Amino acid sequence: MHSRLRTTLATTAAAALTGGLLTGGLLIAGAGSAAAATAKYSDDFNGDGYRDYAYSGSATDAGSDVSGTVGIIYGTAAGPYGRAQNITQNSAGVPGSNEGEDGFGITMTGADFNRDGYADLAVGSPGETVNGHRHQGAVTILWGSAAGLSGGTVVPNKDARTWGVFGDDLASGDFNGDGKPDLAVINNHTAQVYRGTFSKSGFSGTVTKLTRDDLFAEHLVAGKVTKDAAADLVVVGGVDGPSHTLTGAWFIRGGSTLTRGATLKLGTGEDSSFAVSGTVADFNKDGYGDIALGQPLADGEKGAVIVWRGGSSGPGSTTKLTQNTSGVTGTSENGDWFGHDLSAGDVNHDGYPDLAVSAVGEDLGKYADAGAVHILRGSSQGLSGTRSQWFELATTGVPGDPEANSSFGSSLRLRDSDRDGYADLFTDYLRFKGSANGITVTGIQSSIRPGFLP
């Protein structure tokens, strides 16, 4: 893998993981509010029943100063091809202003935080300077409405400090099982969970710090791993090993009390938690969510996906999938970065979630780092290479041609964008339709760049 690609992807990997998949892409069922039922989808910002598409980019009015912007494409019966919107910190009603290095929108997670029937969007600005404190960071909730996202409210920083990078990662879920969405935030490399009531006037409730002296938190993954009412949380970061820091995943069981659980150490190599991707889905349909963790730097950057299987008290046994797994196309090679990004969804409508996995450093003939995407199928036995699919820019029917350093699959999203029961694959400006036979190259459409919501 070329050093340029390594540097670029290390940066994007650190930015792209923004909280785990809520079960089936839905908000955790709850009591709702007196005014309206809680939004069905965590990304239906205008409440019309079609899922919308939020993505991050450079602010159009700020040049290349990485102040940041949030783009939204609103959903239609044909998919996310409706009205386009661009929100920055200079937009009306949004707190703050565009400043270099803010990174507004680098991290995002959706939920109906005020339970009014419209999904809202929590947006991180980890580079935000506050009261002269550089990179203190900030988190803002943009509010949904019949007209879409507008205005915003700042989430209070309960541990403000210079270089705390509040909002470095975000995840949402009903972590205490009370029917209200909660918000998990990385602040000062510690996970913090905001449990209580969010409204346009602010937040009221408690903040729990999930502290450990031996863990340097980088990422959050949320979803329902056990069968109780509460969502669970996985904190990914560097953990102390016998001779050096390792990559680890720490399970936190949701409930009225957040229960610290097991820590899974992902191999014996040096810490590469900044590059880990993750999602939660019930791949074997046993009622327990499985935690899929992409580790692209594993084994000489060949990459791997670790599936940490859910159970009644939390995750237990693990399965490792690579490009050497039976049925998976390709061969594990140094620099493939298999597992760079992950997304779960049911592509063939058989009731089992499937997993899209990118290998952005895959070489295709003379084209180094051209990239590829795998679809691993769920089944009663869980994820495996059986009936897996492979797509790259040399695949017949896929628009475009392979090029060196194109990194096809650098960001992925599986979601049923047209409500036909089949999850579609979004990657690299393309939308691949789901079908009874899985992802198909028939009817590929151009799309916007993949965003950061599951």
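Residues are called buried here when their relative accessible area is under 20%. With that in hand, Phe-198 and Phe-203 make a good place to enter this predicted model, for both residues are buried. The rings of Phe-198 and Phe-203 have centres 4.8 Å apart, and their planes meet at 45°, so the pair is classed as tilted. This pair does not stand alone: a search of the whole structure returns six aromatic pairs, and ring pairs join Phe-113, Phe-166, Tyr-194, Phe-198 and Phe-203 into a cluster.

A wider view helps to place these residues. The protein contains two helices and 27 strands. Of its 454 residues, 61% count as buried. Among contacts between residues at least 6 apart in sequence, 55% join residues at least 24 apart.

Strands are thus a natural topic to take up next. In a sheet, strands pair through backbone hydrogen bonds, in either a parallel or an antiparallel manner. One open sheet is built from four strands in the order E8-E9-E10-E11, and its pairing is antiparallel. Its edges are formed by strand E8 (170-173) and strand E11 (202-210); each has a single partner strand, so one side of each is left without a neighbour in the sheet. Ignoring direction, neighbouring strands of this sheet are turned by 25° against each other on average. Within the sheet, E9 and E10 pair in the antiparallel sense over five bridges. Leu-183 has Tyr-194 as its bridge partner in E10, and Tyr-194 is also one of the members of the aromatic cluster described above.

Four strands also form an open sheet in the order E12-E13-E14-E15, again with antiparallel pairing. Here strand E12 (215-223) and strand E15 (259-265) are the edge strands, each pairing on one side only. The twist from one strand to the next averages 25°. Strand E13 (residues 232-240) and strand E14 (residues 245-253) are paired in the antiparallel sense through eight bridges, and Val-235 has Trp-250 as its bridge partner in E14.

Strands from both of these sheets contribute to the largest nonpolar core, which has 19 residues; those with the most contacts inside it are Phe-175, Leu-210, Leu-220, Leu-233 and Val-235. Two or more residues come from each of strand E9 (182-187), strand E10 (190-199), E12, E13 and E14. E12 gives the most to this core, with four residues. The surroundings of Leu-233 offer a closer look: leaving aside residues up to four places away in sequence, Leu-233 touches Ala-171, Phe-175, Ala-184, Val-193, Leu-210, Leu-220, Val-221, Ala-222, Trp-250, Phe-251 and Ile-252. A second, separate core of 16 residues includes Val-347, Phe-391, Ile-439 and Ile-444.

Two polar residues add detail to the E12-E13-E14-E15 region. Thr-247 is found in strand E14, and with a relative accessibility of 1% it counts as buried. The side chains of Thr-247 and Asp-271 are joined by a polar contact of 3.3 Å. Beyond residues up to four places away in sequence, the residues that Thr-247 touches include Gly-237, Val-239, Leu-264, Ser-272, Val-276 and Gln-295.

Asp-228, by contrast, sits in the loop between E12 and E13. Asp-228 has a relative accessible area of 24%, and therefore counts as partly exposed, given that buried means under 20% and exposed over 50%. Its side chain makes a polar contact of 3.0 Å with the side chain of Thr-226. When residues up to four places away in sequence are not counted, Asp-228 touches Arg-253 and Gly-254. Asp-228 and Arg-253 lie 25 residues apart along the chain, and 9.9 Å separates their C-alpha atoms.

Further along the chain, a short worked case of side-chain direction is provided by strand E24 (residues 412-415). In a regular strand, side chains alternate between the two faces of the sheet. In E24, Leu-412 and Leu-414 point one way while Arg-413 and Arg-415 point the other way, and all of these residues are buried. E24 pairs with strand E25 (residues 424-427) in the antiparallel sense over four bridges, and Leu-412 stands opposite Thr-427 in E25.

Conventions
Residues numbered from 1 in each chain as written. Predicted model: local features only at pLDDT ≥ 70, side-chain atom pairs only at ≥ 80, totals over all residues. Heavy atoms only, no water. Pairing = 2+ DSSP bridges. Axes fitted to C-alpha atoms, helices over the stretch in contact; angles between N-to-C directions. Buried < 20%, exposed > 50% of the residue type's maximum accessible area, 1.4 Å probe, protein only. Contact = heavy atoms within 4.5 Å. Polar contact = N/O pair within 3.5 Å; in protein donor to acceptor, adjacent residues only side chain to side chain. Core = buried A, V, L, I, M, F, W, Y, C linked by side-chain atoms within 4.5 Å. Phe/Tyr/Trp six-rings, centres within 6.5 Å; stacked < 30°, edge-to-face > 60°.
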